[in-house]
Amino acid sequence: MAQALELAAQGAALGEVPVGAVVVQDGEIVGRGFNCPISGSDPSAHAEMVAIRNAAQSVHNYRLPGSTLYVTLEPCSMCAGLIVHARIARVVFGALEPKAGVVQSQGQFFSQGFLNHRLMVEGGVLAEECGAILSEFFRARRAKG
């Protein structure tokens with residue numbers, strides 16, 4: 001999660017909402033990403049999406065069985081769907097996303113009976129640090145007017 005926080009800070013430095021993510025397989029980071037929809041003109045460029053794409057390209061497989069995704073913010077519905085399609089085995093997230101998070105805040109997406117893949121979820125890891133970087137980013141943005 002510390003690596004994901006560093007990536008979130010990189011995104012913040014570019015004016016992006018500071019969310020970072022890493023994909024770990026066999027104890028090694030195989031994918032990294034931070035939010036970049038603004039700079040990339042890509043509404044799908046959430047940290048999870050970028051990290052999973054990077055991991056899939058790194059291991060030359062669109063499926064990532066046995067991998068863990070660490071992300072600083074609770075995933076949204078778009079990212080949750082991608083996590084299932086990529087066959088991520090475990091998701092570890094930091095701060096809750098009360099408006100758009102679908103792992104815990106706005107429902108338990110990964111518990112839905114229609115899904116053809118099950119995974120483990122752990123939330124609240126370094127939640128204070130993950131929430132603080134977001135709070136500071138938005139505080140600074142509001143101060144600019």
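The exercises below, each with a worked solution, look at an annotated residue and at the salt bridges of this structure.

The model is predicted, so local features need pLDDT of at least 70 and side-chain atom pairs count only at pLDDT 80 or more, while totals for chains, interfaces and linings use all residues. Residues are numbered from 1 along each chain as its sequence is written, and side-chain values use heavy atoms, with hydrogens and water left out.

**Exercise 1.** Find where Glu48 lies, and decide whether Glu48 is buried or exposed.

*Solution.* Begin with the record: an unreviewed UniProt entry carries the annotation "active site" for Glu48, given in the numbering used here with a shortened feature name, and such annotations may be inferred rather than shown by experiment. Next, place the residue: Glu48 is in helix α2, residues 47-59, where helices (H or I, at least four residues) and strands (E, at least two) are DSSP runs numbered from the N terminus. Then take the accessibility: Glu48 counts as buried because its relative accessibility is 3%, given that buried means under 20% relative accessible area, exposed over 50%, and partly exposed in between (1.4 Å probe, protein chains only). Finally, list the neighbours: leaving aside residues up to four places away in sequence, Glu48 touches Ala21, Leu69, Val71, Leu73, Pro75, Cys76, Cys79 and Leu82, a contact being heavy atoms within 4.5 Å.

**Exercise 2.** Work out how many salt bridges the structure holds, and describe the one that Arg53 forms.

*Solution.* The structure holds 3 salt bridges, each a side-chain nitrogen of Lys or Arg within 4 Å of a carboxyl oxygen of Asp or Glu. Arg53 pairs with Asp42, with the closest N and O atoms 3.7 Å apart. This pair links distant parts of the chain, since Arg53 is in helix α2 and Asp42 in the loop between β2 (28-34) and α2, 11 residues apart. Arg53 is partly exposed at 39% relative accessibility, and Asp42 is partly exposed at 24%.

**Exercise 3.** Explain which parts of the chain the salt bridge between Glu122 and Arg90 ties together.

*Solution.* The closest N and O atoms of Glu122 and Arg90 are 2.9 Å apart. Glu122 lies in strand β5 (residues 120-122) and Arg90 in strand β4 (residues 90-95), so the bridge ties together parts that are 32 residues apart in sequence. Glu122, at 37% relative accessibility, counts as partly exposed, and Arg90, at 25%, also counts as partly exposed.
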